[in-house]
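Trainee: Please take the aromatic side chains as a single part and look at them closely. Say how they pair, and what they are packed into.

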Amino acid sequence: MTRSMRRIRSSAVLAVLAATLLTACQTTGAPAPSAEQTHRPPPAETAASPLSDAPGRVVAQNKGWVVRAHPATKTGSAYCYATRADDSSPLSFRATAKGAAMLVNADQHAQAKGAESRLTAIFPDGETMALEASPLPDGGVVVPVELPKYEDLFEPFMRSRAVTLQRDGGGTEIGDVNLGGSSWALAALDECRILHTDK
């Protein structure tokens, strides 16, 4: 076999090897994404709860009320919660570092939504107070409170022994609510807010 023929044969072998390697590289890579995969929308993000879901620690208890501090978690902020020790009252109070709320027949994580209604509080001395409230799907009501107005708004609830609550200015009557010990509870709640919530 002549030298030129050996060169031709070597070139042919190299060409076959190159073609084989190229085909192998093209077929062993990841398959191209389908049209459905390339146009699929990203999964919807679940909204994080604005309040901690950590169990609360009792920080104060007196006069039939208990105040619990719930520490912050990765997904929720710390808050304090005051409720009757025996859960006999429809009223409860909540405070965070940024605001407070009065809850009526509502879960402690209840949040004010866009809808608004009026809640009227009628005290035994005849004083009435109109409160901006948000109705909740479970039938409860939440009254959000800005911290500078905290004491002014809750002052009648602190000095009165009872209150009658009506929704929508004479609509559904929630009824008479015993406020015994509420002065201590609201003061303890504010102290808990100062000591145990994020700034």
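Mentor: Two residues are in contact if heavy atoms of theirs lie within 4.5 Å. Of the contacts in the protein with a separation of 6 or more, 54% are between residues 24 or more positions apart. This is a predicted model, so local features need pLDDT of at least 70 and side-chain atom pairs pLDDT 80 or more, while totals for chains, interfaces and linings use all residues. Numbering starts from 1 along each chain as its sequence is written, and side-chain values use heavy atoms, without hydrogens or water.

The frame comes before the rings. Four helices and ten strands make up the secondary structure (DSSP runs numbered from the N terminus: H or I of at least four residues, E of at least two). Along the sequence they come in the pattern α-α-β-β-β-β-β-β-β-β-α-β-β-α. The protein has 199 residues, of which 36% are buried (under 20% relative accessible area with a 1.4 Å probe, protein chains only; over 50% is exposed, and partly exposed lies in between).

Now the rings. Rings of Phe, Tyr and Trp (its six-membered ring) pair when their centres lie within 6.5 Å, and the planes are stacked if under 30 degrees apart, edge-to-face if over 60 and tilted otherwise. Searching the whole structure gives four aromatic pairs. One of them joins W65 and F93: the ring centres are 6.1 Å apart and the planes stand at 40 degrees, so this pair is tilted. W65 belongs to strand 2 (residues 65-70) and F93 to strand 4 (residues 91-95), so that the pair ties together distant parts of the chain, 28 residues apart. Both W65 and F93 are buried.

Another pair is F123 with F157, whose centres are 5.2 Å apart and whose planes lie at 80 degrees, so the arrangement is edge-to-face. This pair also bridges distant parts of the chain: F123 sits in the loop between strand 6 (117-122) and strand 7 (128-135), F157 sits in helix 3 (residues 150-159), and 34 residues separate them. F123 and F157 are each buried. The two pairs are not isolated from one another, as W65, F93, F123, F154 and F157 form one aromatic cluster.

What surrounds the cluster can be followed from F157. A nonpolar core is a set of buried Ala, Val, Leu, Ile, Met, Phe, Trp, Tyr and Cys residues joined through side-chain atoms within 4.5 Å. The largest such core has 34 residues, and L91, M102 and F157 are the members that touch the most others in it. Helix 4 contributes the largest share of this core, five residues. With neighbours within four places in sequence left out, F157 is in contact with L91, M102, A121, F123, M129, L131, V163, L179, S182 and L186. F123, its edge-to-face partner, is thus one of these contacts, and so are L91 and M102, the other two residues named above for touching the most core members. Apart from this core lies another, of nine residues, including L51, A101, L103 and A110. In soluble globular proteins, nonpolar side chains tend to be buried together.
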